[in-house]
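Welcome, and thank you for opening the viewer. Please load the model below and follow along, selecting each stop as we reach it.

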Amino acid sequence: MTHGMRADSYTPRPDGDGGLRNTAARYALLPLRIFLGVTFVYAGLDKLTDSAFLKDSGAGSIGDMMRAVRDSSAIPALVDMALESPVGFGYAIAFGELAVGIGTLLGLLTRIAALGGALISLSLWLTVSWAAEPYYYGNDLPYLMAWTPLILAGAPLLSVDAALRARRRRGTF
């Protein structure tokens with residue numbers, strides 16, 4: 001009896017035609033891209049329109065939140081840096097979330113946008129949600145992991161990146 005590799009496993013067809021299975025594989029990242037993009041746009045707008053959040057102190061302010069998590073964060077020095085200008089840090093996070101969300105939704109510089117989203121999620125995990133017990137109660141770590149496929153693959157379909165790639169291949173750009 002001979003042993004070898006199975007030849008009946010699924011591999012996408014090089015001509016791009018392969019039925020429902022190949023179509024599903026090609027569009028697999030689109031729901032993740034939409035979810036993360038909408039969530040980060042919403043988070044940025046929510047911060048910018050919350051009158052209490054972008055203040056140095058007071059209920060619901062970025063300053064009070066950062067002071068509350070300082071001693072329980074993984075990197076207190078990172079929180080101390082944010083506390084030098086909590087309002088500026090709040091604006092930076094809000095505009096960063098907006099840029100990441102818009103870039104992700106449009107598929108514009110998707111890998112860079114995803115890296116930005118991962119860095120925002122990482123910084124929030126190491127500061128705000130670090131003390132969540134057990135660790136999976138904190139939501140920033142799953143967001144960090146969710147950005148990873150978009151960092152690796154970008155936005156191969158329905159994106160500005162894909163349109164620009166196609167134009168370059170045709171030589172019209």
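## A guided tour

Start by selecting R70, which at 27% relative accessibility counts as partly exposed (buried means under 20% relative accessible area, exposed over 50%, and partly exposed in between, with a 1.4 Å probe and protein chains only as cover). Now add D71, which is exposed at 66%. The side chains of R70 and D71 meet in a salt bridge, 3.1 Å from N to O (a side-chain nitrogen of Lys or Arg within 4 Å of a carboxyl oxygen of Asp or Glu).

Before going on, a word about what is on screen. This is a predicted model, in which local features need pLDDT of at least 70 and side-chain atom pairs count only at pLDDT 80 or more, while totals for chains, interfaces and linings use all residues. Residues are numbered from 1 along each chain as its sequence is written, and side-chain values use heavy atoms, with hydrogens and water left out.

**The whole chain.** Colour by pLDDT, the predictor's confidence in each residue from 0 to 100. The mean for the protein chain is 88, and 88% of its residues reach 70 or more. Switch to cartoon view and you will find eight helices and zero strands (DSSP runs, H or I of at least four residues for helices and E of at least two for strands, numbered from the N terminus). Among these elements, helix α2 (residues 30–49) has the highest mean pLDDT, 97, and helix α1 (residues 19–26) the lowest, 85. Next select residues 6–10, where pLDDT stays under 50 and the model has three contacts beyond four places in sequence (contact means heavy atoms within 4.5 Å).

**Salt bridges.** Which residue forms a salt bridge with K47? Select E97: the closest N and O atoms of K47 and E97 are 3.1 Å apart. K47 lies in helix α2 and E97 in helix α5, so the pair ties together parts that are 50 residues apart in sequence. Both ends count as buried, K47 at 18% relative accessibility and E97 at 4%.

Move on to D56 and R67, whose closest N and O atoms are 3.9 Å apart in another salt bridge. D56 sits in the loop between α2 and α3 (62–69), and R67 in helix α3. D56 is partly exposed at 42%, and R67 is partly exposed at 38%. Add D64 to the selection to see D56, D64 and R67 linked in a network of salt bridges.

**Aromatic rings.** The model holds seven aromatic pairs (rings of Phe, Tyr and Trp, its six-membered ring, with centres within 6.5 Å; planes under 30 degrees apart count as stacked, over 60 as edge-to-face and the rest as tilted). Select F40 and W147: their ring centres are 5.1 Å apart and their planes at 90°, so the pair is edge-to-face. F40 lies in helix α2 and W147 in helix α7 (residues 140–153), so the pair ties together parts that are 107 residues apart in sequence. F40 is buried at 6%, and W147 is buried at 0%. Show F35 and Y143 too, and you have the cluster that ring pairs make of F35, F40, Y143 and W147.

**A last stop.** Select L109, in the loop between α5 (86–106) and α6 (110–127). At 53% relative accessibility, L109 counts as exposed.
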